[in-house]
Amino acid sequence: MQTILAFDTATSFGAVCALTSGGRGSREKAGDLLAIVDELVDDPRAIDGIVAGRGPGSFTSIRIGLAMAHTLAETLGVPLRGASTLDAFAGGMAVIDARRGEVFVPGPRVCRPDELEVAGETLVGDGAIRYRELFEGNGATVPPDDDPAHVPDPLLLIAHANGPWSRSMFAGELAKPSSICLGAFEETRLVGYLIVSRYVDAWHVMNVAVDPDHQRRGVATALLEKLFELTRDDERRGYTLEVRITNEGAIALYERLGFEPRGVRRGYYTDNREDALIMWRDPALRDQ
Ligand SMILES: CC(C)(COP(=O)(O)OP(=O)(O)OC[C@H]1O[C@@H](n2cnc3c(N)ncnc32)[C@H](O)[C@@H]1OP(=O)(O)O)[C@@H](O)C(=O)NCCC(=O)NCCS
């Protein structure tokens, strides 16, 4: 079995850390993260991958966590993944203290606690504790302060780091003005989608999927062609993506549309350490 080291530093609970092979630890300060790792891990070579919480939460603590995550991944030569800290809670709706009278909630969204409609909801997280009186007054349930449901569970991050995107990942991309998000509809039903982020030198295809009942009917082709059409005037940026090396169908699709293999990222996918094929399509192809 793979051993993944997962941690989060975004909340006022400080550094929380867990290993898939067993073992958990926490410290009040994000800066003490390495001390927990030291305690939990006998042989660093046994770690196959790292998953870190990306926040939202305390800016300084997130920076410490992510810097540590990159340093460890780089030093150990293992893949690193991130996931939203909002996905690290299982006991209710996550409410993270954003300070200055505001909270972070799934979306992700930042707002004043009195703007939330919480009647009938169970709320967890340091924001739920901080504004307990207000939330309970508005009809929500907040577990006792010492309930472990308030503390982010790093192991929950792992499920969101690779597999299907969480709701907050979709919402995050949809909210970015620089992203292109396209849907294919049969009447009103969504049967396929394409999500593309604008990077400095390329349009990065982040996610493309077609409902199994609608595959091999040109839906993904139509979505990608629409992307090329919408970005035709952008002379600077090509197109890039990563695809599982065994995903022959998707690779065939991209090759048909002018993408070429440009390299391999070893062990990119943390779930099975599969390699990713990096593919690239030149901007020049637009004129053909
Ligand atoms: C990959 C995926 C998006 C393709 O969507 P699609 O709408 O079925 O693709 P298209 O109908 O536009 O396919 C165009 C061409 O791509 C190639 N292709 C697509 N799927 C293929 C498959 N499963 N096997 C072999 N070739 C395939 C074929 O050349 C196909 O043309 P053809 O049907 O005339 O032979 C879809 O299979 C999917 O959602 N898979 C699961 C999610 C996924 O793997 N996403 C890609 C992550 S990088």
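Colleague: In which sense do strand E8 and E9 pair, and over how many bridges?
Modeller: The model is a predicted one. Within it, Val-103 has Cys-111 in E9 as its bridge partner. Strand E8, residues 102-105, and E9 pair in the antiparallel sense, and the number of bridges is three.

Colleague: Which strands stand at the edges of the sheet that holds E8, and why is one side of each without a neighbour?
Modeller: The sheet is open, has three strands in the order E7-E8-E9, and its pairing is antiparallel. An edge strand here has a single partner strand, so one side of it is left without a neighbour in the sheet. The strands in that position are strand E7 (96-99) and strand E9 (109-111).

Colleague: By what angle are neighbouring strands of the sheet E7-E8-E9 turned against each other on average?
Modeller: The order of this open sheet is E7-E8-E9, with antiparallel pairing. With direction ignored, the average turn between its neighbouring strands is 30°.

Colleague: Which residue in strand E7 has a positive phi, and is that residue buried or exposed?
Modeller: Most residues other than glycine have a negative phi. Arg-99 in strand E7 has a positive phi, near 65°. Because 12 or fewer C-beta neighbours within 10 Å is the criterion for exposure, and Arg-99 has 12 inside that distance, Arg-99 counts as exposed.

Colleague: Where is Glu-187 placed, and how many other C-beta atoms lie within 10 Å?
Modeller: Glu-187 lies in the loop between strand E11 (180-186) and strand E12 (189-198). Its phi is positive, near 55°, in a residue other than glycine. Glu-187 is exposed, and the count of other C-beta atoms within 10 Å is 5.

Colleague: Which strands are at the edges of the five-strand sheet?
Modeller: This open sheet has the order E3-E2-E1-E4-E5 and a mixed pairing. The twist from one strand to the next averages 15°. Pairing on one side only marks the edge strands, E3 and strand E5 (80-83).

Colleague: In the pairing of E4 and E5, which residue is the bridge partner of Val-51?
Modeller: E4 and E5 are joined by four bridges in the parallel sense. Val-51 has its bridge partner in E5, namely Arg-81.

Colleague: Which residue of E2 is the bridge partner of Ala-6?
Modeller: Strand E1 (residues 4-8) and E2 run antiparallel and are joined by four bridges. Their hairpin has six residues between the strands, and Gly-14 takes a positive phi near 80° there. Across this pairing, the partner of Ala-6 in E2 is Ala-18.

Colleague: Which residue of E3 stands opposite Ala-15?
Modeller: E2 and strand E3 (residues 24-27) run antiparallel, with four bridges between them. They form a hairpin with four residues between them, and Gly-22 in the turn has a positive phi of about 115°. Opposite Ala-15 in E3 stands Arg-27.

Colleague: How many of the residues of E2 are buried?
Modeller: From E2, Ala-15, Cys-17 and Leu-19 point one way, and Val-16 and Ala-18 point the other way, and all are buried. E2 is mostly covered, and the number of its buried residues is five of five.

Colleague: Which strand gives the most to the largest nonpolar core?
Modeller: This core has 50 residues, of which Ile-50 and Val-51 touch the most other members. The strand that gives the most to the core contributes five residues and spans residues 15-19, and is strand E2.

Colleague: From which domains does this core draw at least three residues each?
Modeller: The domain assignment of the protein chain gives domain 1, domain 2 and domain 3 (178-287). The largest nonpolar core draws at least three residues from each of domain 1 (4-87 + 152-157) and domain 2 (90-148).

Colleague: Which peptide bond is cis with omega near 10°?
Modeller: Most peptide bonds are trans. Pro-56 is in the loop between strand E4 (49-53) and helix H2 (59-76). The cis bond, with omega near 10°, is the one from Gly-55 to Pro-56.

Colleague: Which element gives the most residues to the shell around the ligand?
Modeller: Of the 18 residues around the ligand, Gln-215, Ala-220, Thr-221, Gly-249 and Leu-253 come nearest. Strand E13 (202-210), helix H7 (219-230) and helix H8 (248-256) are the elements that give two or more residues to the shell. The shell divides into nine nonpolar, five polar and four charged residues. With six residues, the element that gives the most is H8.

Terms used
Residues numbered from 1 in each chain as written. Predicted model: local features only at pLDDT ≥ 70, side-chain atom pairs only at ≥ 80, totals over all residues. Near = placed C-beta within 6 Å. Nonpolar A, V, L, I, M, F, W, Y, C, P; charged D, E, K, R; others polar. Pairing = 2+ DSSP bridges. Axes fitted to C-alpha atoms, helices over the stretch in contact; angles between N-to-C directions. Core = buried A, V, L, I, M, F, W, Y, C linked by C-beta atoms within 7 Å. Buried ≥ 20, exposed ≤ 12 C-beta atoms within 10 Å, placed from the backbone. Domains from an automatic or database assignment.
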